[in-house]
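Q: Please walk me through one part of this model in close detail, beginning with a single loop position and then moving out to what is packed around it.

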Amino acid sequence: MDFRVVQGNIAELETPAIVVNIFEGAEEPRGAAAVVDQQLDGAVAGLISDGEIKGKRGEITLIHTLGRIPTGRVIVVGLGKADDLTLDVVRSVAGGVSRHLRSKHVTSYISIVHGAGALDPGECAQAVVEGTAMGLYRFDKYKSKSDNDQVEEVTLAELNGDLIDQIQGGVDRGEVISAAVSRCRDMSNEPANTMTPSAMAEHALEVAQETGIEINVLDRDNMAELGMGSLLGVAQGSDEPPKLIVLKYNGDPDNSDNNLGLLGKGITFDSGGLDLKSAAGMLTMKGDMAGGASVIGAMQAIARFKPKVNVVGIVAATENMPGGKAQRPGDVVRAMNGKTIEIGNTDAEGRLVLADAVCYARSLGLTRLVDVATLTGAVVVALGDLASGIFGNDQGWTDQVVEAGASVGERFWELPTYSEYKRQYRSDIADIKNTGERGGGAITGAMIIGEFADDAAWAHLDIAGTARTTRTSGYTIKGATGVPVRTLVALAEALSAS
Ligand code: BES
Ligand code: ZN
Ligand code: MN
């Protein structure tokens, strides 16, 4: 799909459809909507006074112009209340509009930059592009006959020539972000028989080749040499070779303190291992690598934006299967840093693979870490699908991640990591065990990973409830969401600025 920017009066442009907007409660059309209204002899104003157009967020009104102006159709989209306008509203509205027009078989249209009158025009253009591209996302490669309509070209029109450069800059950024989100979604939607650890490594290789960043993929033998017994314990139940995928972007090579480690859980299928999941519990477990996919997606965008910070992406990729060599409940494994872990439950595998990923990050000298994982059912009980859980050992660092999320419309809600919870995962025979009690399951899961962070600033994002959605709405499409790619990119950029 192509995005273009033109300077001009949207009502004078020849195109199948134009998109203008209106705030909730507005008594008359403003801006581009007013220009269109004039040319249609007050049609928009009439619909407002009749109460058909209310301007509620995402409300779509389609007006056929029957040849009265060069465009075939006018979409008036509601932006909600002017006081509540945010970039995420712009993103979401753009997503809804794009799917609506696609359902009407419109393959190209022109939109104004929603929100540009109130918010930063470049950021609004970026949000429109992100919302449109994310909203039109489809995973249909396995459909023999797919619903083939797709929007091919979206043009952003702006009357004020002074804003064109800013808007074009926003469009370029939006394309980079949405491509990164699409890669993450594609990887997570792909079934487990094709999205193996090796296939994840192929995706990372493609990112490295396209952007020129470094890549290093460790195999089973490499991991054994490094003493990654915790990761290998999970991998040993599967015939599928595990991979530890390492992507390195050096944006501030003379300043090694200015670093960021992004760590992802890459369980390409979580059967539970010998502590086998139920059929219902297993059904969505192809998506248990979404954290890893988000790291690979984020690295792609970071490599393109080139912030002044060194970023290392590390994905611990393996299946969790109950094969003949599978680890058993009660086994003891030793992580790369020497810590021993008793296996309380083979289905608590995410923390085991991340333990070694964190050790590896520390061995590279990384001092600021964020790990991303579909870690616990408990976080879904706590927060549902509206917010990811965040946990950490450094309040300033946790706050920075939450803030990065807020800046892009991804929500993180902090849960505590009080040291009194540690009692839950004490082991009688090893340093720790990999399970706690039922109560506080998301917290103990997080804290077990944190045990390996030492004095690094560490934050853990539990995306078990947010990585996937069952509903299409705004820029979110049923299936993988791509959370938290945009947060990770925003975080890297925030570190560059400071
Ligand atoms: N991948 C699951 C967590 C999960 C559950 C993700 C639902 C997405 C949706 C994880 O590996 C797991 O099995 N966690 C267990 C931990 C327990 C055995 C301590 C859980 O949450 O039940
Ligand atoms: Zn899992
Ligand atoms: Mn599991």
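**A loop residue and its surroundings**

A: Let's begin with Leu136, which sits in the loop that links α4 (121-135) to β6 (153-158); helices (H or I, at least four residues) and strands (E, at least two) are DSSP runs numbered from the N terminus. The model is predicted, so local features need pLDDT of at least 70 and side-chain atom pairs count only at pLDDT 80 or more, while totals for chains, interfaces and linings use all residues. Residues are numbered from 1 along each chain as its sequence is written, chains are lettered from A and ligands numbered from 1 in the order in which they are written, and side-chain values use heavy atoms, without hydrogens or water.

With a relative accessible area of 2%, Leu136 is buried (under 20% is buried, over 50% exposed and in between partly exposed, with a 1.4 Å probe and protein chains only). Beyond residues up to four places away in sequence, Leu136 touches Met1, Ser98, Arg99, Arg102, Gln150 and Val151, where contact means heavy atoms within 4.5 Å. For Arg102, 34 residues away along the chain, the C-alpha to C-alpha separation from Leu136 is 8.2 Å.

β6, at the far end of that loop, belongs to an open sheet of six strands with mixed pairing, in the order β1-β6-β5-β2-β4-β3 (two strands pair if DSSP finds at least two bridges between them). β1 (2-7) and β3 (60-64) are its edge strands, each pairing on one side only. From one strand to the next, the twist averages 25°; axes are lines fitted to C-alpha atoms, for helices over the stretch in contact, and angles run from 0 to 180 degrees between N-to-C directions. Within the sheet, β2 (residues 17-22) and β4 (residues 73-78) run parallel, joined by six bridges, with Asn21 opposite Val77 in β4. Helix α1 (residues 31-39) lies across β2, β4 and β5 (108-112), at about 120° to β2. α5 also packs on the sheet: this helix touches β1 and β6, and its direction makes about 175° with that of β1.

What about the end of α5? Asn189 is found in this helix (residues 164-189), and at 10% relative accessibility Asn189 counts as buried. Its side chain makes a polar contact with the side chain of Tyr137 at 3.2 Å (a pair of N or O atoms within 3.5 Å; within protein, one must be able to donate a hydrogen and the other to accept it, and residues adjacent in sequence count only if both atoms are side-chain atoms). Leaving aside neighbours within four places in sequence, Asn189 is in contact with Tyr137, Phe139, Lys286, Gly479 and Ala480.

Elsewhere, strand β13 (residues 368-373) is largely enclosed by the rest of the structure, because six of its six residues are buried. Arg368, Val370 and Val372 lie on one side, and Leu369, Asp371 and Ala373 on the other. In a regular strand, side chains alternate between the two faces of the sheet. β13 pairs in the parallel sense with β9 (residues 259-270) over four bridges, and Gly261 stands opposite Leu369. Six bridges join β13 to β17 (residues 457-462), again in parallel, and Leu461 in β17 is the bridge partner of Val372.
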